[in-house]
Amino acid sequence: MARLIIAVDRALEARHGDIVLAVIDGELTVKELYRLNGHIRLLPHHPDFAPIELRDGQELTLWGVVKGVVRKLR
C-alpha cells in the first residue's frame with residue numbers, strides 16, 4: 001500500500017474539479033469533486049475504485065481542498 005502525505009487547505013471553498021478530503025458517513029476519502037446542477041459525485045483517479053454517488057440521507061463533509069502530495073517511492 002502506498003503511503004501519502006497530503007496538504008489540505010481548509011480555508012478554500014471546494015469547487016467543481018478540485019481534489020478534496022471528504023468525510024462520507026464517517027469515512028475519509030480523497031476524490032475529485034464533481035458538482036453540477038446541484039448534484040455531487042466524488043470521482044476517483046484510480047481505476048480500481050468506483051465513483052461515489054451521494055444519496056439522500058448520506059452525510060458529506062468537505063474538510064478541505066488538497067493542495068499538495070508527498071509520495072514515498074519505495
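User: In what order do the elements of the chain run from the N terminus on?
Analyst: This is a predicted model, in which local features need pLDDT of at least 70, side-chain atom pairs count only at pLDDT 80 or more, and totals for chains, interfaces and linings use all residues. Residues are numbered from 1 along each chain as its sequence is written, and side-chain values use heavy atoms, with hydrogens and water left out. Helices (H or I, at least four residues) and strands (E, at least two) are DSSP runs numbered from the N terminus. The chain has zero helices and six strands, and the elements run β-β-β-β-β-β.

User: What is the order of the strands in the sheet?
Analyst: Two strands pair if DSSP finds at least two bridges between them. The edge strands, each pairing on one side only, are S1 (4–9) and S5 (52–53). The sheet is open, has antiparallel pairing, and follows the order S1-S6-S2-S3-S4-S5.

User: Which residue in S5 stands opposite Arg41?
Analyst: Strand S4 covers residues 39–43 and pairs with S5 in the antiparallel sense over two bridges. Opposite Arg41, in S5, stands Glu53.

User: Which strand supplies the largest share of the largest nonpolar core?
Analyst: A nonpolar core is a set of buried Ala, Val, Leu, Ile, Met, Phe, Trp, Tyr and Cys residues joined through side-chain atoms within 4.5 Å. The largest one has seven residues: Ala14, Val20, Ala22, Ile24, Leu33, Leu42 and Val65. Three residues of this core, its largest share, come from residues 19–24, which is strand S2.

User: Is Ile19 buried or exposed, or in between?
Analyst: Buried means under 20% relative accessible area, exposed over 50%, and partly exposed in between (1.4 Å probe, protein chains only). Ile19 is found in strand S2. Its relative accessible area is 27%, so Ile19 is partly exposed.

User: How far apart are the C-alpha atoms of Ile19 and Leu33?
Analyst: Contact means heavy atoms within 4.5 Å. Leaving aside neighbours within four places in sequence, Ile19 is in contact with Val30, Lys31, Glu32, His45, Gly64, Val65 and Val66. Ile19 and Leu33 are 14 residues apart along the chain, and their C-alpha atoms are separated by 6.1 Å.

User: What share of the residues of the chain count as buried?
Analyst: The C-alpha trace spans about 40 × 30 × 20 Å along its principal axes. Residues 24 or more positions apart account for 52% of the contacts with a separation of 6 or more. Of the 74 residues, the share that count as buried is 22%.
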